[in-house]
Number of protein chains: 4
Amino acid sequence: MSIRVGIVGISGFGGGEALRLIAGHPSFELVYAAGESSAGHRLVDRFPGVPARLAGLVIERWDPATLPQLDVLFASLPTGSSAAALARVPGNVKIVDIGGDHRYAEGWAYGLADIWPDRIAGHGRVANPGCFPAATLTALAPLLAEGLIEPGNIVIDAKTGISGAGRGGDSRFGYAESNENLVPYGLLKHVHMPEIAATIERLSGGSAAGLVFTPHLVPMTRGLLATIYGRGRATTAQCLDAARRFYAGRAFVRVTDAPPQTKWATGSNLAFVSYAADPERNLVMAMGAVDNLGKGAAGQAVQNANLICGLPETMGLEGAPVWP
Amino acid sequence: MSIRVGIVGISGFGGGEALRLIAGHPSFELVYAAGESSAGHRLVDRFPGVPARLAGLVIERWDPATLPQLDVLFASLPTGSSAAALARVPGNVKIVDIGGDHRYAEGWAYGLADIWPDRIAGHGRVANPGCFPAATLTALAPLLAEGLIEPGNIVIDAKTGISGAGRGGDSRFGYAESNENLVPYGLLKHVHMPEIAATIERLSGGSAAGLVFTPHLVPMTRGLLATIYGRGRATTAQCLDAARRFYAGRAFVRVTDAPPQTKWATGSNLAFVSYAADPERNLVMAMGAVDNLGKGAAGQAVQNANLICGLPETMGLEGAPVWP
Amino acid sequence: MSIRVGIVGISGFGGGEALRLIAGHPSFELVYAAGESSAGHRLVDRFPGVPARLAGLVIERWDPATLPQLDVLFASLPTGSSAAALARVPGNVKIVDIGGDHRYAEGWAYGLADIWPDRIAGHGRVANPGCFPAATLTALAPLLAEGLIEPGNIVIDAKTGISGAGRGGDSRFGYAESNENLVPYGLLKHVHMPEIAATIERLSGGSAAGLVFTPHLVPMTRGLLATIYGRGRATTAQCLDAARRFYAGRAFVRVTDAPPQTKWATGSNLAFVSYAADPERNLVMAMGAVDNLGKGAAGQAVQNANLICGLPETMGLEGAPVWP
Amino acid sequence: MSIRVGIVGISGFGGGEALRLIAGHPSFELVYAAGESSAGHRLVDRFPGVPARLAGLVIERWDPATLPQLDVLFASLPTGSSAAALARVPGNVKIVDIGGDHRYAEGWAYGLADIWPDRIAGHGRVANPGCFPAATLTALAPLLAEGLIEPGNIVIDAKTGISGAGRGGDSRFGYAESNENLVPYGLLKHVHMPEIAATIERLSGGSAAGLVFTPHLVPMTRGLLATIYGRGRATTAQCLDAARRFYAGRAFVRVTDAPPQTKWATGSNLAFVSYAADPERNLVMAMGAVDNLGKGAAGQAVQNANLICGLPETMGLEGAPVWP
């Protein structure tokens, strides 16, 4: 029997990727889509390649009072607007919130699905991690869990494709200004820092007080890489071994000897992690590469939905990355 | 029961895309992969995101004498080298040749799958159309079939992403020289011209003697657009109607009112076609947009393999395009 | 003695390129800049690399009543808004209008500077050609002048970088949606068609009634290529010879044997033209490649300003293209 | 009187950019060009937009025995091959070596021109800094000089456009594989590390033993950003003030409040630096953005040549950056 799902925020890139994954999911049936700028249009008007059976679905203006009967709602709304928008969704509708408002909020599970699947499985409300946290924490978790890196002074230099800035009309994200440009931003105060710090502390049991996080916009559509610097006395081999143990049997995390490249993950829910260390310099490096719209957004959201619906975790997510 | 398939030419972009599609195909089991520059490596060494069950398959050097038992072989070899390479493949192994050597060759079906599925279904040898012909002929077929365009003086201005130039080490295709560059080439003598001309003649019954075809390299990885100019007295609406009739019930061709964009097709086997006409000027325009590695190569190859194996034509090809 | 110049429309890409060229011009002194979205900011706030001597110039809101004493005004305003904006500029201020409102307008010279320098030299009002016309007409002029192509049924398939769409906030021109996308638009009705037709007629003396013009957006910032198809009985060599004669002694047009590439012109005022013909098929092809912000906008504008100020035509425009 | 200059390594990207800058230099006359893959061709065959007066210069195969009389030779050869290639150049020919072999070599000045112009001015042999060191050290120098950052544990996360990988035919640098990809490499052992460490020590007087340097390839042609993390108790304002003092009166370094973007520098010899600090966390961040072929290679080389020829340092380098 199929599971009835809806998407709110279909106009954005995260919502669009959720649509693609749900359209290919064997157990999910999309019965509802809502979006601000697309309301009144059919799905095919906005997504010309959408499967024929979904082409005629009309996008609605979001109103929780007019929701059809749903099992799961995927929400992909701008940070700051999902808390209010989702407050009146009936309790029997499970929610995966791809937006930022419910991370570490009361009553919401934090959906770092490759690390804490068991904490997610029983929940009706899951807050999907941000794209930067997804890459960063997937790379760091094994080191933090085994004490191979000090939690207190981690430096994260992160780079994301421009779809991470969201859809919408700022000329700074226009092709002409973004192509051939590399832009650091949000120095020392990015909105993802508290989420990363809180999770480092949960994973390590120590304080993340000295955390530094610097995001950069890179001229590519998809892809996110976190290059992480910390302190520890482990060797490269010990770090790789720790990660291989930590992720043994997990479907979506690949531990590689070579430094990971973002294109390895494009269009998939995979995360690639690797490590380099120099014990003599008390240095440990971790790297994590994901598709910011996959593991960093809609891919992880579908994985979380599988978990809360009691489905196999990998259902609808087995597609290999698109290369080149 | 699964169908045993192999790929020769796995190192190239066409072979890589065939791998991705076969890995996600419900009835195909990849049991063999061969490639010049990758021989001796495991699949995972070259495709870090390949599904775990295929990761350890070792890429072999091509030798038809050492083929395992296969039902279907996908060949993606440079034009000029597949005729010799495939000559000694046992007759009971079905072949889909993505390369150029067998198009309109004796004993080979021409695999324009959206147009002539019935001519392909019974064959053990199928020559996949080239990427430019795939986009061009899909757009032209309805007009030629209904006599809405004169076959004798068609001008095709085609644009392809750089993966169409193949993998390999020419600095002209390097990022630094290709980015921010647009390059016309092969003027009046491109290798795809005879294939296009022959198919125009087959579709129309007339001569294609005045055919002009100009390809351009565009700074993008995937995507191919053919903009086609011809003569005729039909209106835009008549052209669109003809195409909607022609492709009624066909899964992979979408007829759109708006001019098609290449990104609509990325990662999929879809073709988008549209038309514009001005009867007063005796002008008919047709446009076709595809992913040059999808409908232009591996997607159509899998569609052809489905046809010759008696499977549903769409099996393993239902994935929606990747956007953005 | 330096010539006092101003720019209105400094916020846009054309205005920004005019700023770059004027900043490097030996005889022009920039004393005034106006722009809607930048008003109140210093030049250095919008152009961090502007020469130090110009850094502090404050961008004003456009008001012809408050113009300082100027010799030349460069106007780069959206088509439709420059006619009104420029109407009250004092008659003793020479104007080069990069925008579209004054092309073939009464009292304005049409600034196709490589072809008609003498018609421009005496004028105080010059309408700069559009970017598509600049590339197209530069390629066609020698053939039309010598009767090597029929003026009545020319097909222009043109491709432009995305800066040609102007600055501003449409998500269709955002990086995520534009990258890896190729978009035909404005079919059979682009705003540049009348300008191209009028100039073809002026150059040939014949009618351009059958003109077809199709622009495409290509994922690159700068660069514009026109691929042109027409009828004639000349050979390739005859076309090349005609162009070499036509442009003998002209500084900015390069006639090449190989098909021209857009990157050859990046950052310069150069136009590259080439030809291919097949007399047996009654076919003549012409190609023109320019930087849409160079020869297609600000480069040609500075050339026109040189002409109307009695300066050497090449002054400030000798810089070689940026490659790669 | 003009200064006679030559270029060896004209086939590469650094050599090509040197050509562009020399062609526009008021006092340099290019009389000699040598290159492996281009030997025998005229300059215009390889650089279609080269100024007409240089078009016919024939590229020679490098042989120091057949050098014409030269005042300055620019060498842009692969690291490892310039030491031998330049050993037999006559002593009266001044050399600026853009390649890596002579950095901190006996008898060669280290050409960090914005910082040590006086050490360069008297020399006949100058080793141009590497592209990564140029951006990194320009950002760090003011902090090191004033003791605002500890020299012993600096972490440099650097990102470069793909022209930094050099020209040549590796498919890893091909458009199809590089576009939409972000690649860390050379972990803990990049060839530029010793040069950076040595200069940090020279600037600070302390040990750089804990230096960490991680380069990344970014999908853009030009541009290089170094994001640098270190320890210190200064405030952001103190760092900015130190840099403004340090570079007061220097033409090519711009200290900005906002984090620098690579596109600000494209095509120019400018370096943009900025800072962010959090004294409570003992954190100092420095950022430097350059064009890797400008300040990172040929721009700085021309600046060095100006210094050793006794010309104004900025001659031929005043061009504003190309934007967008």
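Student: Which strand of chain C does Val273(C) lie in?
Tutor: This is a predicted model, so to speak up front: local features need pLDDT of at least 70, side-chain atom pairs count only at pLDDT 80 or more, and totals for chains, interfaces and linings use all residues. Residues are numbered from 1 along each chain as its sequence is written, chains are lettered from A and ligands numbered from 1 in the order in which they are written, and side-chain values use heavy atoms, with hydrogens and water left out. Helices (H or I, at least four residues) and strands (E, at least two) are DSSP runs, numbered from the N terminus. In chain C, the run covering residues 271–278 holds Val273(C), and that is strand S12.

Student: Is Val273(C) buried or exposed?
Tutor: Go by relative accessible area with a 1.4 Å probe and protein chains only: buried is under 20%, exposed is over 50%, and partly exposed is in between. Val273(C) comes out at 0%, so call it buried.

Student: Which residue is 14 residues from Val273(C) in sequence and 7.6 Å away in space, C-alpha to C-alpha?
Tutor: Contacts, meaning heavy atoms within 4.5 Å, give some background. With neighbours within four places in sequence left aside, Val273(C) touches residues including Val253(C), Val255(C), Met287(C) and Gly288(C). The residue that fits your two separations is Pro259(C).

Student: What share of the contacts in chain A with a separation of 6 or more comes from residues 24 or more positions apart?
Tutor: Start with the make-up of the chain: nine helices and 13 strands. Its radius of gyration, taken over C-alpha atoms, is 19 Å, close to the 20 Å from the globule rule (2.2 Å times the number of residues to the power 0.38) for 324 residues, so chain A is as compact as a globular protein of that length. Buried residues make up 67% of the chain. For the contact share you're after, the figure is 70%.

Student: How are the rings of Trp264(B) and Phe272(B) arranged?
Tutor: Rings of Phe, Tyr and Trp (its six-membered ring) pair if their centres lie within 6.5 Å; planes under 30 degrees apart are stacked, over 60 edge-to-face, and the rest tilted. Trp264(B) is buried at 14%, and Phe272(B) is buried at 0%. Their centres are 5.4 Å apart and the planes sit at 70°, so the pair is edge-to-face.

Student: Which residue of chain B joins Phe13(A) and Phe47(A) in a ring cluster?
Tutor: Over all chains the aromatic pair count is 34. The cluster linked by ring pairs takes in Phe13(A), Phe47(A) and, from chain B, Trp323(B).

Student: What is omega for the peptide bond from Trp323(B) to Pro324(B)?
Tutor: Pro324(B) is found in the segment after helix H9 (294–309) of chain B. A cis bond also joins Trp323(C) and Pro324(C), with omega about -5°. The bond in chain B is cis too, with omega near -5°.

Student: Which residue in the loop between strand S12 (271–278) and strand S13 (283–290) of chain D has a positive phi?
Tutor: For a case in chain B, take Tyr104(B), a non-glycine with phi near 60°. Tyr104(B) lies in the loop between strand S4 (94–97) and strand S5 (109–110), and is partly exposed at 30%. In the chain D loop, the residue is buried at 17%, has phi of about 60° although it is not a glycine, and is Asn282(D).
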